[in-house]
Amino acid sequence: MEPKPIEFKDHIFDFSFHPVENMVVAGLINGQVQCWSYAADRENTLNWTTQASKKSCRGVEFTPDGAHLLSISRDKSIQALDVTSGRLLYKIPKAHKYAINKICRLDTHLTATGDDEGIIKIWDMRTCKATQEYKVHDDFIADMAYCSGRSSLLSTGGDGLLSIFDTRKPTDKIKLSQLVDDELLSMAVIEDGNKVIAGSQSGALYTWDWNQWDASRKWLGHPNSIDALCKLDEQVVCTGGSDGLLRMISVQPYKFEGILGDHGEDFPIEAVEMDHHQTYLASCGHDLQLKFWNVQFLFEQDTTAEATSPPPPLKRKVIHIHDDDDDVPDTQDTKRPRESFFDQL
């Protein structure tokens, strides 16, 4: 059993689960941020709605303690909201020269943002100042992930590059993967920080072993673009495709394990994320819904394991689940400089 889908009147660009509570926030095309409480045994409830920007909200991210929420906007700004009330705490206007497309939390105080022209900035949110800035991508930043064990920020973009920045070193020491003739739209760090996997516009999955960035492994297993990736465990990921399907994929070796959810073939998936209990996988798509999928049964339950033990490995079995101008408000946003669903709106 899982919570009912949360229905919206406007398109969802991104969402994020609270690190402790059963709450989820969504960033919408109209610039609003909405906070919801969810439960399987009762109706989902809207806690608050904040008009964070007049342009579309492209990303949301909780602070580690869950007290604050950071959001990014097409109007090039960063906002911080109080999670309890939705009140705007502060705003960094014109944080980038170009529209911001992605946000990634590094630790308690540092957050990274990437824009439509490939520029990445790292912010100290205590001072609201950018501490580092670099540009190694020639196209939009599609996704970012932080590998804390290696203190490295990884990013993928529309130029077909994966960049790896050890934040302890100067920005002139950034490593780059070999260029692939594809747009890298989504990514995750797996195998305890020893491998990186990326989804692409062509539908291929690419993987790199750490420090072997000049050689990637390619797997053709998706008929359409892979717009979202979520790590389920160190060797299994969930992909969100433009065909509206959530697929469970084993990485070593590549193997299609089953379908976890379906938004419908006419409704591409924008984002996929696991909640803090590892009970629900959630996804948002162009069907204006945030859907929950109960995936608790994927995890082996060990009642004797200590609370500090790492998450158990996933069961390997095939699953089939079936769903019984800055002052002008945004009404369309292509989000990425490529062919988009929103181009026709």
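This section describes strand pairing, burial and salt bridges in a predicted model.

The sheet nearest the start of the numbering considered here is open and has four strands, in the order β2-β3-β4-β5, with antiparallel pairing. Its edge strands are β2 (12-17) and β5, each of which pairs on one side only. From one strand to the next, the twist averages 20 degrees. Within this sheet, β2 is joined to strand β3 (residues 23-28) by five bridges in the antiparallel sense. One bridge in this pair places S16 opposite V25, the latter lying in β3.

Strand β19 (residues 195-200) pairs with β18 and with β20. Its pairing with strand β18 (residues 184-190) is antiparallel and extends over six bridges. In this pair, S186 stands opposite G199 of β19. The two strands form a hairpin with four residues between them. In the turn of that hairpin, E191 has a positive phi of about 50 degrees. Strand β20 (residues 204-209) also runs antiparallel to β19, and five bridges join the two. Here K195 stands opposite D209, which belongs to β20. β19 and β20 likewise form a hairpin, with three residues between them. G203, in the turn, has a positive phi of about 100 degrees.

Burial was examined along β19. Six of the six residues of this strand are buried, and the strand is described as mostly covered. In a regular strand, side chains alternate between the two faces of the sheet. For β19, one side carries K195, I197 and G199, and the other carries V196, A198 and S200. The residues on both sides are all buried, and both faces of the strand are therefore covered, given that buried denotes under 20% relative accessible area. The residues buried on the first side include K195 and G199, which are also the bridge partners of D209 in β20 and of S186, respectively.

The structure holds twelve salt bridges, three of which are described here. In one of them, the side chains of E43 and K4 meet at 2.9 Å, N to O. This pair links distant parts of the chain, 39 residues apart. E43 lies in the loop between β4 (32-37) and β5 (45-51), and K4 in the segment before β1 (6-7). Both E43 and K4 are exposed.

A second salt bridge is formed by D143 and K102, whose closest N and O atoms are 3.5 Å apart. D143 lies in strand β14 (residues 141-147) and K102 in strand β10 (residues 100-105), so the contact ties together parts that are 41 residues apart in sequence. D143 counts as buried because its relative accessibility is 9%. K102, with a relative accessible area of 22%, is partly exposed.

In a third salt bridge, R168 is paired with D166, and the closest N and O atoms are 2.9 Å apart. R168 counts as exposed because its relative accessibility is 59%. D166, at 16% relative accessibility, counts as buried.

Key:
Residues are numbered from 1 along each chain as its sequence is written. This is a predicted model: local features need pLDDT of at least 70, side-chain atom pairs count only at pLDDT 80 or more; totals for chains, interfaces and linings use all residues. Side-chain values use heavy atoms; hydrogens and water are left out. Buried means under 20% relative accessible area, exposed over 50%, partly exposed in between (1.4 Å probe, protein chains only). Two strands pair if DSSP finds at least two bridges between them. A salt bridge is a side-chain nitrogen of Lys or Arg within 4 Å of a carboxyl oxygen of Asp or Glu. Axes are lines fitted to C-alpha atoms, for helices over the stretch in contact, and angles run from 0 to 180 degrees between N-to-C directions.
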